[in-house]
Amino acid sequence: MRLQAACLLVLVALPTLCLGLLEGLYCGKEDCYDVLGVTRESSKSEIGKAYRLLARKYHPDLHRGVEAKALAEEQFKLLATAYEILRDEESRNDYDYMLDNPDAYYAHYYRYYRRRVAPKVDVRIVIVVVLSIISVIQYYSGWQRYDSAIKYFATVPKYRNQALDIARDEIQERIQKKGKNRMSKTDQKEELERIIRKVIEEKMDVQGGYAKPTLWDVLWVQLLICPYTLISFIVWHGQWLWRYTILKQPYGREQKLYLVRRYLKMGQHQFNAQDDKQIEEYLHLELWKRDNFEAWKAEQDEEMKKKLAENPRYKAYRRYMKNHGPGRITFED
């Protein structure tokens, strides 16, 4: 009895298996070409014409009665599915491949769901848009950080007084010119702030994360010049190896500062932000030499320990850690 049932199922499924039709893929057990009443040789315009005629015929709104409406709706969905598959050249090629290769089950599932799951928009367009948005945000956020840094320096007495000394003549000249038009105190204050800001922008070399942004720092530009940057990196290290490791040539100022910066474990912007006197002191102490740097670093660490030992807050912290220990919770807390 079981053998007869199995044979019956095979006989029922045999026609669709021979045609390469799989349940859940494309039009299911139906042939998409038969659904629209066209052939595999039909053109795209002929398929569209056949779909429009059948869609008008089986539109659910044109049928009355619950059963008739349900049958029409089911047929209408099948027509829409068949048209969606056959109107697109790539999906039609995948469907024809399934009809021609009924045994390649896994390939059919892969081709079908790859197209269903894949985004409709070209991935390259998405990447371009995302990179463009990131670049715009990066550029304008850089300007905001730079503007906040200039505003901060304009409030620091040290830099504000230097700017006033530099622009003293210009301030007097502008106030005198506008004084003829009876310039109010508020206007004089605003004009003074504009001049101070202008001087700070011209004279102050802001480095690090608050540096004045340029187009060279934008992600798009960095990606475009990435090959040049990589080649420059390889060439620079190759020259360093040849000149200073193999030939033992003496270091220049730039090479000495590079070694000092590397020993200090600082970035380029962070190192450039230091005072000129500090950089000259590095060179005077010959810190590009490893032994000199290690001795200097030990002295700095020892001096820092002495300062911390004399700091009242640090003493209180050590006293607390000694009495309570890390991670302890007591009622005194």
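**Close-up views of a helical model**

**View 1. Two neighbouring tyrosines with their rings paired.** Tyr139 has a relative accessible area of 24%, so this residue counts as partly exposed. The model shown here is a predicted one. Tyr140 reaches 53% relative accessibility and therefore counts as exposed, since the cut-off for that class is over 50%. The aromatic pairs in the model come to 17. Tyr139 and Tyr140 make up one such pair, with 5.8 Å from centre to centre and 85° between the ring planes. How are these two rings arranged, stacked or edge-to-face? The pair of Tyr139 and Tyr140 is edge-to-face.

**View 2. A stacked pair formed by Trp240 and Tyr251.** In this view, the ring centres of Trp240 and Tyr251 are 5.7 Å apart and the planes meet at 20°, so the two rings are stacked. Trp240 belongs to helix 12 (residues 226-246), while Tyr251 sits in the loop between helix 12 and helix 13; the pair therefore ties together parts that are 11 residues apart in sequence. What about their exposure? Trp240 has 14% relative accessibility and so counts as buried. Tyr251, with a relative accessible area of 33%, is partly exposed.

**View 3. An aromatic cluster around Trp240.** Which residues do ring pairs link into a cluster here? The members are Trp236, Trp240, Tyr244, Tyr251 and Tyr258. Trp236, Trp240 and Tyr244 come from helix 12, and Tyr258 comes from helix 13. Tyr251 joins the cluster from the loop between these two helices.

**View 4. The packing of helix 12 against helix 13.** The axes of helix 12 and helix 13 are 13 Å apart, and the helices pack at an angle of about 105°. Angles of 65 to 115 degrees count as roughly perpendicular, and helix 12 and helix 13 are therefore described that way. On the helix 12 side, look for Trp236, His237, Trp240 and Tyr244; on the helix 13 side, for Gln255, Tyr258 and Leu259. By class, this contact has 5 nonpolar and 2 polar residues, with no charged ones.

**View 5. Gln255 and its aromatic neighbours.** Gln255 is part of helix 13 (residues 253-264). Is this glutamine buried or exposed? Its relative accessibility is 18%, so Gln255 counts as buried. Leaving aside residues up to four places away in sequence, Gln255 touches Trp240 and Tyr244. With Tyr244, the side chain of Gln255 also makes a polar contact of 3.5 Å. Tyr244 thus appears in two settings, as a polar partner of Gln255 and as a member of the ring cluster.

**View 6. The crossing of helix 4 and helix 5.** Helix 4 (residues 66-87) and helix 5 (residues 89-100) have axes that come within 5 Å and cross at roughly 100°. The two helices are therefore roughly perpendicular to each other. Helix 4 contributes Glu84, Ile85, Leu86 and Arg87 to the contact, and helix 5 contributes Glu89, Ser91, Arg92 and Tyr95. Sorted by class, the contact holds 4 charged, 3 nonpolar and 1 polar residues. Placed beside View 4, this contact includes charged residues, whereas the one of helix 12 with helix 13 has none.

**View 7. The whole chain, for orientation.** The chain has 17 helices and 0 strands. How many of the 333 residues count as buried? The share is 24%. Among contacts between residues at least 6 apart in sequence, 61% join residues at least 24 apart.

Notes. Residues are numbered from 1 along each chain as its sequence is written. This is a predicted model: local features need pLDDT of at least 70, side-chain atom pairs count only at pLDDT 80 or more; totals for chains, interfaces and linings use all residues. Side-chain values use heavy atoms; hydrogens and water are left out. Axes are lines fitted to C-alpha atoms, for helices over the stretch in contact, and angles run from 0 to 180 degrees between N-to-C directions. Helices (H or I, at least four residues) and strands (E, at least two) are DSSP runs, numbered from the N terminus. Angles under 35 degrees count as roughly parallel, over 145 as roughly antiparallel, 65 to 115 as roughly perpendicular and the rest as oblique. Contact means heavy atoms within 4.5 Å. Ala, Val, Leu, Ile, Met, Phe, Trp, Tyr, Cys and Pro count as nonpolar, Asp, Glu, Lys and Arg as charged, and the others, Gly among them, as polar. Buried means under 20% relative accessible area, exposed over 50%, partly exposed in between (1.4 Å probe, protein chains only). A polar contact is a pair of N or O atoms within 3.5 Å; within protein, one must be able to donate a hydrogen and the other to accept it, and residues adjacent in sequence count only if both atoms are side-chain atoms. Rings of Phe, Tyr and Trp (its six-membered ring) pair if their centres lie within 6.5 Å; planes under 30 degrees apart count as stacked, over 60 as edge-to-face and the rest as tilted.
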